[in-house]
Amino acid sequence: MAKEVTNRVDNYAQWYNDLVVKAGLAESSAVRGCMVIKPYGYAIWEKIQAALDKMFKDTGHVNAYFPLFIPKSFLSREAEHVEGFAKECAVVTHHRLMNSPDGKGLVVDPEAKLEEELVVRPTSETIIWNTYKGWIQSYRDLPVLVNQWANVVRWEMRTRLFLRTAEFLWQEGHTAHATREEAVAEAEKMVNVYADFAETFLALPVLVGKKTASERFAGAEDTYCIEALMQDGKALQAGTSHFLGQNFAKAFDVQYVSREGKQEYVWATSWGVSTRLMGALIMAHSDNCGLVLPPKLAPLQAVIVPIYKGDHELEAISAKANEMKRQLEALGVTVKYDDRDNVRSGFKFAEYELKGVPVRLAIGPRDMQNGTVEVARRDTLQKQLLPQENIAAHVTALLDEIQANIYAKAKAFRAENTAEVSSYDDFKAQIEKGGFILAHWDGTPETEAKIKDETKATIRCIPRDGKREPGCCMVTGKPSAQRVVFARAY
RNA sequence: CGGGGUGUGGCGCAGUUGGUAGCGCGCUACGUUCGGGACGUAGAGGCCGCGAGUUCGAGUCUCGCCACUCCGACCA
């Protein structure tokens, strides 16, 4: 039943977009490139937020909030940073409108021009480091471990629901440390948090690694990332963590007095994941029937559907269903009893499959007679008749099993779609099949650019866990210390 | 920003050589149904994306614009 998505979809992007809309997650808005996240989509995002937020707190971080607007001059303080973001900034130039002189609508009041334009944050390093200058004087003030949940705007030319929108929701952590070692450790710690989150909650296996210089965050010394593989064979960068060195500390003159009484520049990190994770979730697990949500992030983990004719039957079934609902809730399962009478059970089945609800329980007259309940799992679409006793315990176990199975399935898919190649010809053939390719690269941006040019493949990361196996660059034949991961990416 | 597609009740679509708008789903009411997207009967619901133009007359023809979507370039 649940065929691989790629087996039946000619145009994966179109399929993805339709699914996002049909499942009620999001839709495009009247504003170019922007997205409306609908209640069901937002409910999933809230689950993601809650899980991440707890992980941040558990690693010593606190939340704060910084302004949406950044004075233009701030952005230009760090040279690489401004170069990376200048092309995609929305800029506020005026603070007032007036009635149009020709009587038609409103125009910008030329008298209300701002002395300094304000950039709508594409990321908050600059405004935050300008603020940190006032917070940090002594080594006793360090480390600063702050996260913010916010929206940012990047004026992209081409947008896709969740994967790339002009405005998106994310969290961005910005930390300040006394030493290089501590900051590097923080950046590594947070990429590990992301990897842990992706695997545990999203059921998404990820590669952890470092970006090459050309893929690095603008202003970073090192960018760590998690990379996931989608069902169409394309890679998706699901989160990044940056070691920023002293670049921003120097740009915003953030120094502290060390234990030894010396003035030192602070060391920085920043790290973020966005609503793009929603895209990853959808593209990694969905099948022909719709979404497949990992139980840990499903706003609704189980649904009970009655099958009945007439009020008398419904009454008895409802009593039993509500009892099951209470038992499930007592075990911490989010469950809904759907006794709507304007749609039939078959319709409900299809609807909850589209929405990715992990477990469905159906009770009809036969079950009432036999003391059974039909249990259907979304990941495999298998159905099973089980006794009503102990059903709650069974469901909680099943939810765990589904979570594990979705992960295992995604991991198997990744394994099937990861290849090692040695020659550039093999690489060119392999890249057409999609998936990750492990190959040797000479470490130069020139070779990297040539490969991208000729094959549209980019180096997703230099894998952290890759074996140290020396070889020769597939393009130039120069020596290489380890294989790097290539793919076509979103 | 280039190239394609689409834009008509809430949703999905049809609409012929130009003649004053229709179908399916959904919605409302009543009835019959109910173990995988039910059926009957009766209703309600339209600035035909926006703006000009041609014409006695435009959903239909012409020009311009806009939006969404797909494919490129840019990027998370």
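Start at the surface near RNA strand B, where 14 residues are nonpolar, twelve polar and 17 charged. Here Ala, Val, Leu, Ile, Met, Phe, Trp, Tyr, Cys and Pro count as nonpolar, Asp, Glu, Lys and Arg as charged, and the others, Gly among them, as polar; near means that the C-beta atom, placed from the backbone, lies within 6 Å. This is a predicted model, in which local features need pLDDT of at least 70 and side-chain atom pairs count only at pLDDT 80 or more, while totals for chains, interfaces and linings use all residues. Residues are numbered from 1 along each chain as its sequence is written, and chains are lettered from A and ligands numbered from 1 in the order in which they are written.

Now pick out Arg158, Gly346, Ala350, Gly364 and Arg366: of the 43 residues around RNA strand B, these come nearest. Two or more residues each come from α2 (12-22), α11 (345-355), α12 (365-370) and β20 (372-377). Helices (H or I, at least four residues) and strands (E, at least two) are DSSP runs, numbered from the N terminus. Colour α11 next, since the largest share of this surface, eight residues, is its contribution.

From there, move to the open sheet of five strands, ordered β18-β17-β19-β20-β21 with mixed pairing; strands pair if DSSP finds at least two bridges between them. β18 (335-337) and β21 (383-387) are the edges, each with a single partner strand, so one side of each is left without a neighbour in the sheet. From one strand to the next the twist averages 25 degrees. Zoom in on β20 and β21, which run antiparallel and are joined by five bridges; Thr372 stands opposite Pro387 in β21. α11 returns here, packing on the sheet and touching β17 (302-306) and β19 (359-363), with its direction at about 165 degrees to that of β17. Axes are lines fitted to C-alpha atoms, for helices over the stretch in contact, and angles run from 0 to 180 degrees between N-to-C directions; contact means C-beta atoms, placed from the backbone, within 7 Å.

Zoom out to colour chain A by domain: domain 1 (5-285), domain 2 (302-398) and domain 3 (418-487), with bounds from an automatic or database domain assignment. The C-alpha centres of domain 1 and domain 3 lie 28 Å apart, and each of these two domains gives 16 residues to their contact. On the domain 1 side, β11 (207-210) and β12 (222-229) each supply at least two residues, β11 having the largest share with four.
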